[in-house]
Amino acid sequence: MSTIFVSVADFVDLDRYPIDRDCQERRDLLTSAQALINADGCAVLKGFVRAEKIAELVTECDRVEKFGHRNFTRTNPYFLPDREDLSSSHPLRRFYDRSNAFVPADNLGADSILRAIFDWPAFSPFIKEVLQEDKFFPYADPLADVVVNLAEEGGGFPWHFDTNNFTVTLAIQNAESGGEFEFSPMVRSLTEENYEKVERVLDGDKSMIKTVILEPGDLQIFKGRYSLHRVAPLRGKRKRYVAIFSYVSEPGMVSSPQRAKELYGRVLPIHLERAGLRADELID
Ligand SMILES: O=C(O)CCC(=O)C(=O)O
Ligand SMILES: [Fe+2]
């Protein structure tokens, strides 16, 4: 579904990030991004989209934001039900408001800059190499492969662990204040939940928290399954826009019908046709 209207080279800063060429700069870039992923699970490519082109991305988001499907939930960091048998300070009992909206991908249109970046042949191989994932495919969901996430005053994304292995986001517009990305690197592991440490992070122990300020044009590659993280509450009238690019471990995967309905407000024939074919790991 690529487009003939948008030239990605006009948007991505290829002088700084020559990811479309096999050259020493690309190899160096990859080595440093991989080191960041291996250390902290978080690599940020500052100014991935050129500063002078951000306004066009904002225009694209302004054009589609009316199609955003709003979600209000109260959730603990694990997206799991309450556990009344545990003490009230236990991480499983910490519930936070979450409010945001996703613009389903099929609203972006053929002249979408975000779609062109996602479909650009140099993009996903580079992300795959940064993440060092063997099984890595663009999400095949027509509602969810490239979404605009919008959040307003009071919104944000409270403390959580991702259910998917990694998230690739492009910052487009920040709220007037707030919205810092905070994370506690590798606070849990595959074998150890480390609830006491999680509790300290939830209580605001700054020694366990790293803060990343993402500015428009920054691309973030983040492994959030083991690192507790949040987007700090937003303040001011301006909406926060972030694009989310999604990848999965099997080709052809789409959301479950339930998940599509909940996050995007609609179910398409492809969700019903492929229901049950996917691993039940949530990717969005
Ligand atoms: O909006 C962001 O910057 C990241 C949100 C996040 O943590 C997620 O989508 O899991
Ligand atoms: Fe997350």
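How many bridges pair strand S7 (residues 167–173) with strand S11 (residues 219–222), and in which sense do the two strands run? There are 4 of them, and the pairing is antiparallel. Two of the facing pairs can be picked out by eye: Val168 sits opposite Ile221 in S11, and Thr169 sits opposite Gln220 in S11. S7 also has a partner in strand S14 (residues 240–245), again antiparallel, this time over 5 bridges. Here Ala171 has Val242 of S14 as its bridge partner.

Before going further, a word on what is being looked at. The model is a predicted one. Its mean pLDDT is 92, and 96% of the residues reach 70 or more. One stretch to read with care is residues 280–284, where pLDDT stays under 50. For that stretch the model has 14 contacts beyond four places in sequence.

Now for the overall picture. The protein has 7 helices and 15 strands. Its radius of gyration is 18 Å, and the globule rule gives 19 Å for 284 residues, so the protein is as compact as a globular protein of that length. Laid along its principal axes, the C-alpha trace spans about 55 × 45 × 40 Å. Of the 284 residues, 35% are buried. Looking at contacts with a separation of 6 or more, 83% link residues 24 or more positions apart.

Back to the strands. S7 and its partners belong to an open sheet of 7 strands, which reads S1-S11-S7-S14-S5-S3-S2 from one side to the other, with antiparallel pairing. At the edges are strand S1 (42–45) and strand S2 (69–75), each of which pairs on one side only. From one strand to the next, the twist averages 25°. Helix H1 (residues 24–40) packs on this sheet and touches S1 and S11. The direction of H1 makes about 145° with that of S1.

There is another open sheet, made of 4 strands in the order S6-S12-S9-S10, also with antiparallel pairing. Its edges are strand S6 (157–160) and strand S10 (210–212); each has a single partner strand, so one side of each is left without a neighbour in the sheet. Neighbouring strands here are turned by 15° against each other on average, direction ignored. Inside the sheet, strand S9 (residues 181–184) and strand S12 (residues 228–231) run antiparallel and are joined by 4 bridges. One of the facing pairs is Phe181 with Val231 in S12.

What about the inside of the protein? The largest nonpolar core has 68 residues, and the members that touch the most others are Ile117, Val146, Val148, Ile172, Ile221 and Ala243. Ile221 is a name already met, as the residue opposite Val168. Ile172 is worth a closer look. Leaving out residues up to four places away in sequence, Ile172 touches Ile54, Leu57, Val58, Cys61, Pro216, Tyr241, Val242 and Ala243. Among these, Val242 is the bridge partner of Ala171, while Ala243 is itself one of the core members that touch the most others.

A few loop residues round off the tour. Most residues other than glycine have a negative phi. Gln132 goes the other way: it is not a glycine, yet its phi is positive, near 55°. Gln132 lies in the loop between helix H4 (123–131) and strand S4 (137–138). Is Gln132 buried or exposed? With 11 C-beta neighbours inside 10 Å, Gln132 counts as exposed. Asn194 is a further case, with a positive phi of about 50° although it is not a glycine. Asn194 is found in the loop between S9 and helix H5 (195–202). Asn194 has 17 other C-beta atoms within 10 Å, so it is partly exposed.

Finally, there is Arg266, in the loop between helix H6 (257–264) and helix H7 (269–273). Arg266 has 13 other C-beta atoms within 10 Å and is therefore partly exposed. Setting aside neighbours within four places in sequence, its contacts are Pro104, Leu143, Ala260 and Lys261. Arg266 and His69 are 197 residues apart in sequence, but their C-alpha atoms are 9.3 Å apart in space.

Terms used
Residues are numbered from 1 along each chain as its sequence is written. Chains are lettered from A and ligands numbered from 1 in the order in which they are written. This is a predicted model: local features need pLDDT of at least 70, side-chain atom pairs count only at pLDDT 80 or more; totals for chains, interfaces and linings use all residues. A nonpolar core is a set of buried Ala, Val, Leu, Ile, Met, Phe, Trp, Tyr and Cys residues joined through C-beta atoms within 7 Å. A residue is buried if 20 or more other C-beta atoms lie within 10 Å of its own, exposed if 12 or fewer, and partly exposed in between; C-beta atoms are placed from the backbone. Two residues are in contact if their C-beta atoms, placed from the backbone, lie within 7 Å. Two strands pair if DSSP finds at least two bridges between them. Axes are lines fitted to C-alpha atoms, for helices over the stretch in contact, and angles run from 0 to 180 degrees between N-to-C directions. The radius of gyration is taken over C-alpha atoms; the globule rule is 2.2 Å times the number of residues to the power 0.38. pLDDT is the predictor's confidence in each residue, from 0 to 100.
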